[in-house]
Amino acid sequence: MQTLKLYKDLPHIKSVGADDISLKIKYCGVCFADVVWTRNKHGDSMYPLVPGHEIVGVVTATGSNVKGFKVGDHVGVGTYVNSCRNCEYCDDFLEIFCSKGGTFTFNRIDSDGTVTKGGYSSFIVVHERYCYKIPDGYPLDKAAPLLCAGITVYSPMMRHKMNQPGKSLGVIGLGGLGHMAVKFGKAFGLKVTVFSTSESKKEEALNLLRADNFVISSDEQQMMSLGKSLDYIIDTASGDHPFDPYMSLLKVGGVLVLVGFPSEVRLLPISLNMGAKSISGSMTGGTKETQEMLNFCATNRVYPEVEVINIQYINEALERLIKRDVKYRFVIDIANSLS
């Protein structure tokens, strides 16, 4: 088993520039991306590597040009910390799609030539554009997963107008992303059906997350009973799975949005053409909609389900994450782990 080593004095904090804020990190969510890059799954990991891109903390210093934040503010940092800031996508505050490539929060080369390092750390310095105000009173440990898992499902839900009360939403998979899709669906007033391969998730789907329906996706009779009944589907599953059975559940003009990463997407053309249905992909979101999501969660009391851990437990947590043994997001208590 590969393990993470903890360093007390790893020198990676850049100085605070005129447009930067310095953040003392309180909490950091644990995403599957942390598994991917700590274990060099893509062959591009740059060690020593500091993962973590669901970061929440307190502002300790601000640059001379910073207007939107002050010392003491509760602030979040998500999956990227830089972009070109002058392409059409940056101009539309969709920096995650920056034409020159956004700079991820860890394991990427920043504009100053340094390697970005993430939230498994005590401090981080970030340009104010890529920081978000955590609304007053919102629990900081629960805010952390919103900065990746939350925005990853919120962004396409808003893009495809899934906030229309009374419409029907299907959610494939009930992990970190899936449980947030259920929570947003209910907050939007949708009728939510959860699809899972595991009967063990039924009780929590219906009672904890308040989904309206639970379906075992391998049960053909249950699946057929929902034919042409859904307006939208959010597919969070990263394991390989068939798509045609789910497309048959969509109404005319329905859309399936893929936010997971299976190895391939295969479906028959008739699954799209008959019924004018579509399939779409999505990443995380831009800075403007990320702040809107945080505000929405505070106003509507949408809170992720988290298991708070000390950073000394991170290797066990990553192993459990691989085994899908978490309900529904690990969050590291940085402040009390690295004091």
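Helices and strands here are DSSP runs, a helix of at least four residues and a strand of at least two, numbered from the N terminus. With that convention, Tyr-328 is placed in the loop between helix 11 and strand 15. Please keep in mind throughout that this is a predicted model.

Let me stay with that loop for a moment. Tyr-328 is joined to Lys-327 by a cis peptide bond, with omega at about -5 degrees. The loop leads into strand 15, residues 329-333, and this strand runs parallel to strand 14, residues 306-309. Four bridges join the two strands. Which residue of strand 15 is the bridge partner of Val-308? The partner is Val-331. Between the two strands the chain passes through helix 11, residues 314-322, in a β-α-β crossover that is right-handed.

The charged residues of this region come next. Arg-320 and Asp-325 form a salt bridge, in which the closest N and O atoms are 3.1 Å apart. The pair does not stand alone: salt bridges with shared partners join Glu-307, Arg-320 and Asp-325 into one network. Are Arg-320 and Asp-325 buried or partly exposed? Arg-320 counts as buried because its relative accessibility is 18%, under the 20% limit for that class. Asp-325 has a relative accessibility of 41% and therefore counts as partly exposed.

By the rule used here, the model has 11 salt bridges. I would like to present two that link distant parts of the chain.

In one of them, the side chains of Arg-108 and Asp-44 meet at 3.7 Å, N to O. Arg-108 lies in the loop between strand 5 and strand 6, residues 123-127, while Asp-44 lies in the loop between helix 1 and strand 2; the two residues are 64 residues apart. Arg-108 is partly exposed, with a relative accessible area of 23%. Asp-44 is also partly exposed, at 29%.

In the other, Arg-129 meets Glu-95 at 2.9 Å, again from N to O. Here the separation is 34 residues: Arg-129 belongs to the loop between strand 6 and strand 7, residues 131-133, and Glu-95 to the loop between helix 2 and strand 5. How accessible are these partners, Arg-129 and Glu-95? Arg-129 is partly exposed, with 21% relative accessibility. Glu-95 has 0% relative accessibility, so it counts as buried.

The loop that holds Glu-95, between helix 2 and strand 5, also holds Phe-97. The relative accessibility of Phe-97 is 34%, and the residue therefore counts as partly exposed. Phe-97 contributes to a nonpolar surface patch of about 390 Å², together with Tyr-89, Phe-261 and Met-283.

I return now to the loop of Asp-44, between helix 1 and strand 2. Pro-48 is found in that loop as well, with helix 1 spanning 32-38 and strand 2 spanning 55-62. The peptide bond between Tyr-47 and Pro-48 is cis, with omega at about 0 degrees.

Next, a lysine in a helix. Lys-183 sits in helix 5, which covers residues 176-187. Is this lysine buried or exposed? Lys-183 has 16% relative accessibility, so it counts as buried. Which residues is Lys-183 in contact with, once its neighbours within four places in sequence are left aside? They are Leu-209, Val-302, Tyr-303, Pro-304 and Glu-305.

Finally, I turn to backbone angles. Which residue has a phi near 55 degrees, a positive value in a residue other than glycine? It is Lys-228. Lys-228 lies in the loop between helix 7, residues 220-224, and strand 11, residues 230-235. Its relative accessibility is 65%, and Lys-228 therefore counts as exposed. Ala-276, likewise not a glycine, has a positive phi of about 50 degrees. The loop in question for Ala-276 runs between helix 9, residues 269-273, and strand 13, residues 278-281. Ala-276 counts as exposed because its relative accessibility is 55%, and the limit for that class is over 50%.

To close, I would direct attention once more to strands 14 and 15, which run parallel, and to the network of Glu-307, Arg-320 and Asp-325. Thank you.

Conventions
Residues numbered from 1 in each chain as written. Predicted model: local features only at pLDDT ≥ 70, side-chain atom pairs only at ≥ 80, totals over all residues. Heavy atoms only, no water. Pairing = 2+ DSSP bridges. Right-handed = clockwise from strand over helix to strand, strands pointing away. Patch = residues over 30% accessible without salt bridge, like charges linked within 9 Å, V, L, I, M, F, W, Y side chains within 5 Å. Areas by Shrake-Rupley, 256 points an atom, 1.4 Å probe, with all protein chains shown as cover. Salt bridge = Lys/Arg side-chain N within 4 Å of Asp/Glu carboxyl O. Buried < 20%, exposed > 50% of the residue type's maximum accessible area, 1.4 Å probe, protein only. Contact = heavy atoms within 4.5 Å.
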